[in-house]
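The exercises below ask for a careful reading of strands, helices and backbone geometry, each followed by a solution in steps. Please work through them with the sequence and the coordinates at hand.

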Amino acid sequence: MRAAVIRRSGATPALDQFADPQPGQGLSVGTLVAAALNPLDVAIVNDQFPFRRLQPPYIAGYEAVVQLGDGTRCYLTGPPAPYGTLAELVPVPDSAGFPVPAGLDPGLAAALGVAGLAGWVALDYRGHLQTGETVLVLGAGGSAGQLAVQSAQILGAGRVVGAARGQALEQAADRGADAVVDLADDQAIDAGLAAAAPGGYDVIVDFLWGGLAPYAMNHANVGARYIQVGSSAGPTSTINAPAFRNKLLTLVGHGQAVTPAEVRRSAYAQLVHHAIDGKLTLDLEQTRLDDISQTWEHLKTGPPRKLVVTP
């Protein structure tokens with residue numbers, strides 16, 4: 001079969017022939033419908049993701065929607081090594097697939113996985129968002145951030161503020177943020193966060209971390225929950241002890257790989273339901289498996305639209 005093969009850690013995947021996966025006890029083989037690409041895929045290939053260590057040669061790709069032999073579709077992550085999702089055929093453990101309704105765009109269904117679950121689970125399962133609370137999404141312009149903004153609205157937030165830079169601000173606003181804050185000018189961030197939500201923030205979902213986290217904490221309400229999801233602005237941050245202590249701030253880590261499978265399955269079902277109703281949308285850029293090497297390099301530049309690969 002054709003597949004995006006990695007023959008050296010850190011290399012760009014190349015289209016090549018790879019042995020077909022074989023069905024077995026508790027294992028089916030599905031046909032690729034759509035695979036969504038994420039920065040996580042690059043981290044795995046660079047051997048920087050501790051929950052998925054692979055030895056070359058192997059097939060790249062972490063998440064996808066596949067069609068099974070009975071005609072049904074399912075979403076899955078992390079197929080058994082050495083297989084990935086960027087291939088014509090994908091092995092699917094019987095307990096691993098999440099159902100995908102026939103009426104949902106498979107590209108969006110794939111994108112609702114890593115990117116969609118990040119925000120939904122952070123807000124609901126980890127942040128315990130309550131109706132009417134004010135939410136701040138740091139990094140609201142990326143795919144995960146845009147879906148987090150929409151998820152907060154669906155989950156009953158009273159006000160949702162999206163913080164991002166440049167053109168990403170428009171994307172956050174387009175997804176329904178009640179206000180946006182430009183993070184490009186360090187001198188204006190405090191004023192922007194204060195103006196966007198004068199009453200402060202009850203739940204903060206942070207995809208950025210780095211030097212931006214202290215600004216958000218300064219505007220957290222007493223008893224706020226701060227959900228640390230990503231670190232695209234830097235892996236370390238300096239926290240002001242009095243601000244953290246005197247606000248009774250709860251700092252919560254969230255990682256999908258260590259979230260219970262039943263929580264992810266339930267959350268994905270809810271995301272799918274709202275996507276069918278038109279409440280969750282995302283701009284997609286469709287590419288073909290034949291072009292995976294060029295698409296991979298595009299992925300590393302941080303494209304404005306979600307990259308989806310089809311056979």
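Axes are lines fitted to C-alpha atoms, for helices over the stretch in contact, and angles run from 0 to 180 degrees between N-to-C directions. The model is a predicted one, and the values in the solutions are computed from it.

**Exercise 1.** Determine at what angle helix H2 and helix H3 pack, and which residues of the two helices meet.

Solution. Start with the axes: H2 (residues 106-126) and H3 (residues 143-154) pack at an angle of about 45 degrees, and their axes are 8 Å apart. Angles from 65 to 115 degrees count as roughly perpendicular and those under 35 as roughly parallel, and the angle found here therefore makes H2 oblique to H3. The handedness comes next, and H2 passes H3 in a right-handed crossing. On the side of H2 the contact involves Ala111, Leu112, Ala115, Gly116, Gly119, Trp120 and Leu123, which meet Ser143, Ala144, Leu147, Ala148, Ser151, Ala152 and Ile154 of H3. Sorted by character, the residues of this contact comprise ten nonpolar, four polar and no charged.

**Exercise 2.** Describe how H2 packs with helix H8, giving the angle and the distance between the axes.

Solution. H8 spans residues 261-276, and its axis lies 9 Å from that of H2, at an angle of about 115 degrees. The two helices are therefore roughly perpendicular to each other, and their crossing is right-handed. H2 contributes Leu108, Ala109, Leu112, Gly113, Gly116, Leu117, Trp120, Val121 and Tyr125 to the contact, while H8 contributes Val263, Arg264, Ala267, Tyr268, Gln270, Leu271, Val272, His274 and Ala275. By character, this contact of H2 with H8 divides into 13 nonpolar residues, four polar and one charged.

**Exercise 3.** Establish the strand order of the six-stranded open sheet, and state which helices pack on it.

Solution. The order is S11-S10-S9-S12-S13-S14, with parallel pairing. Strand S11 (179-182) and strand S14 (250-253) are the edge strands, each of them pairing on one side only. On average, neighbouring strands of this sheet are turned by 20 degrees against each other, direction ignored. H2 packs on the sheet by touching S9, strand S12 (201-206), strand S13 (220-228) and S14, and its direction makes about 140 degrees with that of S12. Helix H5 (residues 186-196) also packs on the sheet, where it touches S9, S10, S11 and S12, and its direction makes about 175 degrees with that of S11.

**Exercise 4.** Decide whether strand S9 is enclosed or open, and identify its pairing with strand S10.

Solution. Five of the five residues of S9 (residues 134-138) are buried, so this strand is largely enclosed by the rest of the structure. Taking the faces separately, Thr134, Leu136 and Leu138 are buried on one side, and Val135 and Val137 are buried on the other. S9 pairs with S10 (residues 159-164) in the parallel sense over five bridges, with Thr134 standing opposite Arg159 and Val135 opposite Val160. For Thr134 the cut-off for burial is under 20% relative accessible area, and at 13% relative accessibility Thr134 therefore counts as buried. Leaving aside residues up to four places away in sequence, Thr134 touches Arg159, Ala197, Gly200, Tyr201, Asp202 and Val203.

**Exercise 5.** Work out the order of the three-stranded open sheet and which strands stand at its edges.

Solution. The strands follow the order S2-S1-S4 and pair in the antiparallel sense. Strand S2 (14-17) and strand S4 (58-59) each have a single partner strand, so one side of each is left without a neighbour in the sheet. Two bridges join strand S1 (residues 2-6) to S4, and Val5 stands opposite Ile59 in S4.

**Exercise 6.** Find which peptide bonds ending at Pro57 and Pro82 are cis, and which phi values of Asp47 and His128 are positive.

Solution. Most residues other than glycine have a negative phi, and most peptide bonds are trans. The bond from Pro56 to Pro57 is cis, with omega near 0 degrees, and Pro57 lies in the loop between helix H1 (39-45) and S4. The bond from Ala81 to Pro82 is likewise cis, with omega near 10 degrees. Asp47, in the loop between H1 and S4, has a positive phi near 60 degrees and counts as partly exposed at 39% relative accessibility. His128, in the loop between H2 and S9, has a positive phi of about 50 degrees and is partly exposed, with a relative accessible area of 48%.

Conventions: Residues numbered from 1 in each chain as written. Predicted model: local features only at pLDDT ≥ 70, side-chain atom pairs only at ≥ 80, totals over all residues. Heavy atoms only, no water. Pairing = 2+ DSSP bridges. Helix = DSSP H or I, 4+ residues; strand = E, 2+ residues; numbered from the N terminus. Parallel < 35°, antiparallel > 145°, perpendicular 65-115°, else oblique. Left-handed = near helix turned anticlockwise from the far one by under 90°. Contact = heavy atoms within 4.5 Å. Nonpolar A, V, L, I, M, F, W, Y, C, P; charged D, E, K, R; others polar. Buried < 20%, exposed > 50% of the residue type's maximum accessible area, 1.4 Å probe, protein only.
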